[in-house]
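Me: Please take a close look at one annotated part of this model and describe how it is built. Please then set that part in its surroundings, in one connected account.

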Amino acid sequence: MAELATRAVPLAGAHGGTASVRLKPASSAHRISLRAGEDAVSTLSTTLGLSLPTQPKTSASSGSRTALWLGPDEWLVIDEGEGGLVEAARSSGAVHSATDVSHRNTAILIEGPGSSDALNGGCPLDLSLKAFPVGSCARTLFGKIEVVLLRTGEQSFRLECWRSFSEYAFGLLREAALDAE
Amino acid sequence: MTSHRIKGAGRLTPARKARFTFDGKIYTALEGDTVASALLANGVHLMGRSFKYHRPRGILSAGAEEPNALLDVARDSARCQPNVRASVQEVFDGAIIQSQNRWPFLSFDIGGINNLLSPFFAAGFYYKTFMWPREAWAKLYEPIIRRAAGLGVAPKEEDPDHYANRFAHCDVLVAGAGAAGLTAALSAAETGASVILVDERAEVGGALLFDSGIVIDGKPGYDWAHGVLARLKAMPNVRVLTRTTVFGYYNHNFIGLAERVTDHLPRPNKSLPRERLWQVRAKKVVLATGAIERHMVFANNDRPGIMLASAARMYLNHYGVAVGSKVGVYTAHDSAYEAAFDLKRAGIDVVSIVDCRAKPNEALLSAARVLGIEVLSGYSVVNTSGRLRISSMTVARNGSTNHRKIPVDALLMSGGWTPSVHLFSQSRGKLKFDAENQRFLPNIYAEACVSVGACNGTDEIGALLAEASAAGGGALNLSGESAYAWTGGMIGAAEGAGPDTAVKAFVDFQHDVTAKDIRLAVREGMHSIEHIKRFTTNGMASDQGKLSNMHGLAIAAEMLGKDIPQVGLTTFRAPYTPVTYGTLIAHSRGDLFDPARKTPLHGELVAAGAEFEDVGNWKRAWYFPRRGEDMHAAVNRECKTAREVAGIFDASTLGKIEVVGPDAAKFLNLMYTNAWDNLKPGKCRYGIMTREDGFIYDDGVVGRLAEDRFHVTTTTGGAPRVLHHMEDYLQTEFPDLKVWLTSTTEQWAVIAVQGPKARDIIEPLVEGLDLSNEAFPHMSVAECTVMGVPARLFRVSFTGEIGFEVNVPADYGASVWKAIWERGEALGACLYGTETMHVLRAEKGYIIVGQDTDGTVTPDDAGYGWAVSKKKMDFVGIRGLKRPDLIRSGRKQLVGLLTQDLTEVLEEGGQIVADPNEPKPMTMLGHVTSAYWSENLGRSIAIALVADGRARMGKTVYIPMKDKTIAATVTDMVFFDKEGGRIHG
């Protein structure tokens with residue numbers, strides 16, 4: 001039996017932020033990129049244990065799982081618990097594509113009264129509560145990179161990006177946080 | 001030093017002082033002063049030298065339109081900025097301010113000789129003079145022109161300040177916080193709309209800052225403005241940005257703002273950005289940008305002490321500064337009278353109002369009489385004198401040659417007001433000419449935008465307030481009165497501008513363009529305003545002709561005998577006023593300039609001493625030098641070791657796309673030239689992808705994991721565009737296919753282990769898989785467990801040796817890499833980088849798309865015709881490949897080249913000819929695409945694109961270089977292990 005591999009997460013030890021914007025790398029999570037047609041939504045929802053959102057820019061959560069609408073046939077499903085997303089999707093029997101992207105993505109948590117200002121340092125979306133209420137999500141731009149943004153609370157966001165872009169994302173957030181009110 | 005501050009006048013607090021230096025001399029200012037008001041308070045009018053003639057210049061305006069007083073403002077040697085407008089920059093304690101475009105001193109400037117030589121520097125001088133000889137351009141003319149051009153000097157040190165960016169959205173953006181802007185903002189805000197109100201000055205108020213004659217809602221205009229400001233600031237739906245310029249109006253109400261955050265602070269908090277770029281998307285834009293007063297065009301109208309009447313009024317009423325003690329006024333418009341009255345009431349001697357109009361407004365005349373100010377109506381100022389400051393004005397009755405010289409130390413002028421339609425024009429709105437008032441006004445709107453107040457030609461205060469309130473969408477009921485209703489104004493050259501061609505009557509102060517220059521341009525055949533502008537450079541300075549455009553246009557129209565609308569107006573473009581590069585760049589500096597992508601193995605590569613190269617945004621290990629090795633030695637060692645023992649390589653950047661769905665094979669059949677339906681799960685195949693035109697787009701190995709699941713690899717640089725290309729076809733051409741694409745490039749860390757000992761190295765780490773040749777031959781793929789984590793193992797090779805690519809989830813990559821290297825090192829393997837990878841693949845004749853191909857190479861040209869299916873009915877590129885030009889003979893084909901001198905390594909890009917003695921231009925056969933020293937072969941090798949290359953096997957071709965001509969023999973592309981046995985172990 002060979003020795004077991006150990007895990008090294010992106011952004012280990014990264015820190016930054018201000019009194020009004022707290023930044024920290026999110027813990028590791030299970031993720032799939034889920035692709036399926038309209039006809040598969042209800043069975044996939046059942047086996048995944050949450051109802052896959054069908055409205056643009058919305059998300060749905062249940063237990064440790066959150067599904068983010070990214071397109072008419074595309075969701076990012078995040079599980080901060082035990083995982084089993086690929087298997088759950090497969091058990092639906094519906095035609096779909098579930099691809100593990102747990103290690104492709106990493107996330108940064110942004111919290112505090114200045115969090116939307118800090119994000120607007122690089123993100124062109126209207127992040128007012130009116131236009132982007134709690135639970136909203138979008139695949140969008142942050143500076144020069146693509147990110148998936150999820151509003152987890154009135155003053156808290158989860159920013160998902162590909163791992164090699166995470167240093168850039170964290171650096172830009174750290175700088176933009178200094179200018180947030 | 002005498003202070004020119006008037007007790008009781010202005011709004012600054014006398015106790016709050018700031019000290020600064022101007023050209024090395026220490027001066028005292030009050031907090032809130034601009035550099036201009038502070039210098040004027042100290043009696044300094046001379047602030048700069050003009051661009052071309054080096055004429056002494058003073059302050060002309062009190063706003064953003066300033067063309068003359070451009071200074072260098074610094075905090076220290078790194079924090080300095082040239083060409084700062086004295087009328088905009090606020091004084092801060094410790095400011096180091098210097099004049100520009102003079103040597104050795106501002107008061108005595110050698111360059112002033114240009115003024116005497118000015119007959120030689122007429123408009124178009126450069127175009128005509130520097131025509132010949134042609135050789136003189138690069139060495140003589142261009143350096144001279146470059147040295148003479150521009151005013152300030154850019155700082156050489158890195159900018160230590162930082163800049164911020166902010167995206168924002170609002171219902172209503174109001175540009176300008178004068179009476180109209182404040183009203184529109186309040187009106188909108190009271191409806192609950194989100195409002196951003198922007199003004200370029202430090203304080204809101206606009207014209208209310210100087211115009212003491214306006215009463216709104218029963219209050220003096222300035223007090224009313226501050227009352228409104230307080231109300232707006234208390235509303236949560238309003239953001240007021242002062243010291244902020246709306247510099248650009250882009251598509252769909254996308255508005256660029258530059259906020260100057262710290263430029264006025266003596267000791268700014270380091271956490272503050274110097275400037276902040278705002279990128280605002282507004283549902284509606286209200287333009288309340290006001291109007292800019294014009295100067296009068298007459299002889300020697302540019303001496304220090306000559307300024308706009310409204311500027312003098314601003315310096316008095318806001319800053320409490322007298323611009324002179326014996327003041328003359330020259331006007332074509334009523335507004336200058338009110339300036340004269342304010343000055344006179346403040347105790348300043350106003351010697352005369354010279355009004356070029358025959359019959360000025362009677363109410364103004366009688367007010368002037370009451371104040372004891374002489375009015376010369378139907379007169380013009382025809383000349384001025386004074387070297388570094390005006391000392392007299394010469395006046396004459398219009399049409400008369402009887403001159404009267406009147407001593408003055410300041411001359412205020414007003415040619416009327418030009419509505420500020422710059423932003424409206426930037427929004428692609430169409431202007432119309434208001435002939436009665438000689439001005440262009442907004443007419444047809446292209447955006448959700450409305451103009452209010454002076455910029456819309458609405459001058460009367462009551463009408464202005466009503467218009468602004470309506471534009472805001474609310475219903476404020478405000479009353480307003482002004483002391484006088486203004487009339488008058490003129491555009492073009494006044495009496496004193498001559499027909500005399502020697503007279504310098506300035507139209508454009510910043511570029512030293514005079515009325516005679518414009519006339520000359522017309523005489524030389526320029527009939528379009530666009531040509532006249534370029535010939536004379538009128539309006540082409542950094543002030544973009546805010547003062548000069550209308551005058552220039554009128555003079556041209558008069559010369560051409562046309563109406564003004566027929567001559568046209570030049571286009572206004574962003575930015576409205578200059579914006580620093582720092583602001584536009586904002587956060588994109590240093591590490592944030594561009595993302596530096598690092599693989600999960602990066603830390604291990606650094607620890608192993610790798611040198612890195614940039615491949616797209618990726619940092620890739622290039623080679624791993626050991627102590628005392630240069631790149632050449634390191635690469636030679638890596639190449640030898642990989643073939644003799646094994647090499648370990650970080651291949652994580654390889655693009656990866658998961659293609660999943662019942663129609664996955666069908667889709668790949670359409671995207672690649674080869675066939676995929678007959679590929680069994682557990683097997684891999686090398687695939688070539690062409691574009692619609694039949695040329696190679698990308699290549700890579702594709703593994704079939706299951707009936708409905710493929711693991712596609714692409715080149716590192718091709719990953720994003722290949723995914724987009726595939727997604728594009730899937731969505732637009734083949735939308736019926738049940739298949740989905742997901743980028744998994746970053747899901748996997750990829751460790752390539754290549755060489756005779758590759759299997760020995762990884763075998764103990766892999767579970768659940770027989771790695772023997774029989775069970776897992778070349779071009780196999782399997783899902784297995786490596787060190788306890790789920791992995792995908794590929795038996796593939798880009799070296800021609802036995803090869804494995806170990807894919808593990810990225811977070812485990814570093815740990816697995818360490819274990820593999822520990823075993824590899826013990827067996828005598830090496831780490832290798834991209835350079836060795838390139839050499840090893842070239843030894844085998846494997847191409848690199850983008851290096852050996854350039855977008856004009858077909859699979860057959862590359863020698864990969866076997867990879868194009870003859871059976872498939874359709875794939876992207878199938879028709880392109882049948883085009884006559886792609887199947888003709890004589891096309892350039894990839895072949896090998898062996899130099900006849902073994903040690904001679906060709907240069908990539910070197911041109912290839914058949915006959916080196918052919919007279920130039922020679923017939924070129926192609927070029928070298930790859931060339932390396934091969935330590936394994938003990939000689940140089942190269943790949944080249946050569947016309948009819950495969951027919952030239954064994955023939956000699958030549959590569960002419962600067963200092964020699966290299967002979968090489970055409971061969972096939974496989975240089976090492978031609979039989980290809982090694983790859984199978």
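Reply: Helices and strands are taken here as DSSP runs, with at least four residues of H or I for a helix and at least two of E for a strand, and they are numbered from the N terminus. The model is a predicted one.

The part chosen is residues 601-872 of chain B, to which an unreviewed UniProt entry gives the annotation "domain: GCVT N-terminal". Helix accounts for 26% of residues 601-872 of chain B and strand for 30%, and 41 Å separate the end C-alpha atoms of the span.

A pair of strands gives a closer view. Strand 35 and strand 39 of chain B run antiparallel and are joined by 4 bridges. In one of these pairings, B:Val659 has B:Leu741 of strand 39 of chain B as its bridge partner. B:Leu741 and B:Ser743 lie on one side of strand 39 of chain B, B:Trp740 and B:Thr742 lie on the other, and all four are buried, which leaves both faces of the strand covered.

The contact between the chains comes next. Chain B contributes 41 residues to this contact and chain A contributes 39 residues. On the side of chain B that touches chain A, at least two residues come from each of strand 8 (164-175), strand 15 (275-287), strand 35 (655-660), strand 39 (740-743), strand 44 (803-809) and helix 22 (813-827) of chain B. Strand 35 and strand 39 of chain B, the antiparallel pair described above, are thus both among the contributors. The largest share, however, is the 6 residues supplied by strand 8 of chain B. By class, the side of chain B that touches chain A holds 20 nonpolar, 11 polar and 10 charged residues.

Chain A, the partner in this contact, is itself divided by its domain assignment into domain 1 (16-27 + 103-178) and domain 2 (30-100). The centres of domain 1 and domain 2 of chain A, taken over C-alpha atoms, are 22 Å apart. Between them, 9 residues of domain 1 of chain A are in contact with 8 residues of domain 2 of chain A. Strand 9 (137-142) and strand 10 (145-153) of chain A each provide at least two residues of the side of domain 1 that touches domain 2, and strand 9 of chain A has the largest share, 3 residues. That side of domain 1 of chain A comprises 4 nonpolar, 3 polar and 2 charged residues.

Another annotated span of chain B is residues 504-586, where UniProt, again in an unreviewed entry, places "domain: SoxA A3". Residues 504-586 of chain B are 46% helix and 6% strand, with end C-alpha atoms 43 Å apart. The peptide bond from B:Ala574 to B:Pro575 is cis, its omega being near 0°, and B:Pro575 sits in the loop between helix 15 (564-567) and helix 16 (581-585) of chain B. A cis peptide bond also links B:Lys920 to B:Pro921, with omega about -5°; B:Pro921 belongs to the loop between strand 47 (911-913) and strand 48 (924-934) of chain B.

Two loop residues complete the backbone details. B:His54, which is not a glycine, has a positive phi near 55° and lies in the loop between strand 3 (48-49) and strand 4 (56-57) of chain B. B:His54 counts as buried because it has 20 C-beta neighbours inside 10 Å. B:Asn300, also not a glycine, has a positive phi of about 55° and is placed in the loop between strand 16 (291-293) and strand 17 (306-308) of chain B. B:Asn300 has 21 C-beta neighbours inside 10 Å and therefore counts as buried.

Technical notes
Residues numbered from 1 in each chain as written. Chains lettered and ligands numbered in written order. Predicted model: local features only at pLDDT ≥ 70, side-chain atom pairs only at ≥ 80, totals over all residues. Domains from an automatic or database assignment. Contact = placed C-beta atoms within 7 Å. Nonpolar A, V, L, I, M, F, W, Y, C, P; charged D, E, K, R; others polar. Buried ≥ 20, exposed ≤ 12 C-beta atoms within 10 Å, placed from the backbone. Pairing = 2+ DSSP bridges. UniProt positions renumbered as here; feature names shortened; annotations may be inferred.
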